[in-house]
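Here is a friendly walk through one protein chain, written to be read beside the structure. Keep the viewer open and follow along.

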Amino acid sequence: MDTAVSPLPNDIEALKALVHEANRKADEAARRASRAEAELANAQAQASATDALIAHLKLQIAKLRREQYGPSAERTRRLLDQMELELEDLEADATEDGLAAVAAASTATTVAAFERKRPSRKPFPEHLPRERVVVPAPCTCPACGGSRLSKLGEDVTETLEVIPRAWKVIQTVREKFSCRDCETIAQPPAPFHVVPRGWAGPSFLAMVLFEKYGQHQPLNRQAERFGREGVPISVSTLADQVGAACFALMPIFRLIEAHVFAAQRLHGDDTTVPVMAKGKTDTGRLWNYVRDDRPFGGADPPAVVFRYSRDRRGEHPQAHLATWSGILQADAFAGYNELYATDRKAGLILEAGCFAHARRKFFELADVEGAARKKSRGEKTGQIYPIALEAVQKLDALFEIERTINGRSAEDRLAVRQALSAPLMDELHTWLTEQLAKLSRHHDLAKAINYMLRRWDGFTRFLTDGRVCLTNNAAERALRCVPLGRKAWLFCGSDRGGQRAAIIYSLIQTCRLNDVDPQAWLADVLARIAECPVSRLADLLPWNWRP
């Protein structure tokens, strides 16, 4: 029988050495791989943090420029929104990559995790309540076990937390008393309610109104959310409260309306609003008229009034402005033409053209970047015209002058315009006339040029009055709430619904123009308006309001 041969001691030691060397090399390879992964994760985290920081700084610069000089183009607000969305994603990417770098560095002893330098965060507001949670301190020294500990100080870390919305029912008790002498029963009078026999408090009504018209949340979505919170309320019940609250706020709306139409210069614009009809939706209109004297340093507070109509016939703005006269800044809608008649009984209305509309017509024919994007997506692109690009550059020179005088007095603005803008306008008129003679009258460029030349008196109005703005952007900004909401609430239920929307839009947008929180203002006004005498109603206007 064969027997197995046992290895010699020297062979065993050599085998152990080989295994040890193999394990060492494997560990070294793993450490190198781990170190490489950690370094790669650090590099990715650093790149993400850099991208987020750059996006943050760009957004800050854009916002500062907008605050100092006003809108630099028609698309400024949209670009800011896009930049904010981009920043959100970059911040999330940077945080995710930073956590990955920390996890990777923990497996590699020779690589330190990348530490991201974040923009300084503002401290939490002082008015928020603080809940102090003290971590139990050790009773003995962890080093020597001694019990003679003395407090040196403390480190406080603040974490922002939210408490779910709390509902409550307020019971207003009115006790009855009877007189034992004359047996007369006495009882305190019932307090005023915003809505007669109303069950909804002013804060609740303000929330419903602001959610519907300020945050574009239809009543059915609000009712679903209330139900999930344990407070079931039907849509029809909420609708009743909306109608009653609008009725209660009508005196404030009338005061804002009177203030707006007392202005000597107005911005006007309109936008579509779908309205339910029998088996279909009609295209109604919401019009707005904005009083904003801040561009020329005016002391009167800004305000806006909305009006609703079933269609876009010219009779509507003519009715809105039937008793008003002054300078109207608007687009070239033909419905305004009768307002500019020189023999108008109510007084003369002067047209002031909007250079943003004029520039847009040329910009669309000179949008090189837009054409490149369409081409990259395989879409059909229009022709790019050098003449249109030159027209945009000439108009941009006028906008650059306007940025330097925004907020100055009307006299200063007029002096600068006569010195700097008037020569540019003379040159622009000559140049447009020359280019028009070279084009067919059906050419898109000819239409853009005629848009200005046929309304030249309106476009040169700013050269004779320092109060006139170069654009109608004030009206477009105030009207932006309607297009934003259309995708959420889809349509108005009726003409009365459109009229209610016009009232509440007027109140909310006027609050925003005066840097007032619309929901807080609505809650306070609804609580006070029932007992407020007519002579003191002006104290409740957004620019006079004190909470």
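## Ground rules and overview

A residue counts as buried when its relative accessible area is under 20%, as exposed when that area is over 50%, and as partly exposed in between. Cys511 is a clear case: its relative accessibility is 0%, so this cysteine is buried. Please keep in mind that the model you are looking at is predicted.

In overall terms, the protein has 16 helices and 7 strands. Of its 547 residues, 39% are buried. The exposed surface comes to about 33700 Å², and 54% of this is supplied by carbon and sulfur atoms. Among contacts with a separation of 6 or more, 67% join residues 24 or more positions apart.

## The open sheet

What is the order of the strands in the open sheet? Its 5 strands run β5-β4-β3-β6-β7, and their pairing is mixed. The edges are taken by β5 (303-309) and β7 (349-352); each has a single partner strand, so one side of each lacks a neighbour in the sheet. On average, neighbouring strands of this sheet are turned by 30° against each other, direction ignored.

At one edge, β5 pairs with β4 (residues 280-291) in the antiparallel sense over 7 bridges. Two residue pairs are handy for locating this pairing: Asn288 stands opposite Phe306 in β5, and Leu286 stands opposite Tyr308 in β5. As background, strands of a sheet pair through backbone hydrogen bonds, whether parallel or antiparallel.

## Helices on the sheet

Helix α15 (residues 495-513) packs on the sheet, where it touches β3, β4 and β5; its direction makes about 170° with that of β5. Helix α5 (residues 235-260) also packs on the sheet and touches β3 (265-277), β4 and β5, but its direction makes about 105° with that of β5. Although β5 is an edge strand, β5 is mostly covered, with 6 of its 7 residues buried.

## Helix α3 and its surroundings

How many of the 13 residues of α3 are buried? In this helix (residues 202-214) the number is 10, so α3 is mostly covered under the 20% limit. The buried residues include the nonpolar Phe204, Leu205, Met207, Val208, Leu209 and Phe210, and Glu211 is on the list as well.

These buried residues pack against α4 (219-228), α5, α15 and α16 (518-528). Just after α3, His216 takes a positive phi of about 60°.

## Two nonpolar cores

In soluble globular proteins, nonpolar side chains tend to be buried together. Here, the largest nonpolar core has 79 residues, and those with the most contacts inside it are Leu209, Ile252, Ile256, Leu266, Leu328, Ile504 and Trp521. Helix α5 gives the largest share of this core, 12 residues. Apart from it lies another core of 31 residues, among them Phe399, Leu428, Leu445 and Phe462.

Leu328 is worth selecting in your viewer. Leaving aside neighbours within four places in sequence, its contacts include Leu266, Gly268, Leu321, Tyr336 and Leu339. Leu328 is also in contact with Ile349, Leu350, Glu351 and Ala352, the residues spanned by edge strand β7 (349-352).

## Gln418 and Asp465

Gln418 lies in helix α10 (residues 410-437), whereas Asp465 is found in the loop between α12 (456-459) and α13 (473-479). Is each one buried or partly exposed? Gln418 has a relative accessible area of 47%, so this residue is partly exposed. Asp465 has 16%, so this residue is buried.

Beyond four places in sequence, Gln418 touches Pro423 and Leu463. The C-alpha atoms of Gln418 and Thr464 are separated by 8.1 Å, though these residues are 46 residues apart along the chain. With the same neighbours-aside rule, Asp465 is in contact with Ile327, Leu414 and Arg417.

## Cysteines without bridges

The structure holds 0 disulfides. Why is Cys141 not bonded to Cys144? The closest cysteine sulfur to that of Cys141 is the one in Cys144, and at 3.8 Å this is too far for a bond, because a disulfide needs the two sulfur atoms within 2.5 Å. Cys141 itself is partly exposed, with a relative accessible area of 22%.

Note on methods: Residues are numbered from 1 along each chain as its sequence is written. This is a predicted model: local features need pLDDT of at least 70, side-chain atom pairs count only at pLDDT 80 or more; totals for chains, interfaces and linings use all residues. Side-chain values use heavy atoms; hydrogens and water are left out. Helices (H or I, at least four residues) and strands (E, at least two) are DSSP runs, numbered from the N terminus. Buried means under 20% relative accessible area, exposed over 50%, partly exposed in between (1.4 Å probe, protein chains only). Contact means heavy atoms within 4.5 Å. Two strands pair if DSSP finds at least two bridges between them. Axes are lines fitted to C-alpha atoms, for helices over the stretch in contact, and angles run from 0 to 180 degrees between N-to-C directions. Accessible areas come from the Shrake-Rupley method with a 1.4 Å probe; for residues, only the protein chains shown count as cover. A nonpolar core is a set of buried Ala, Val, Leu, Ile, Met, Phe, Trp, Tyr and Cys residues joined through side-chain atoms within 4.5 Å.
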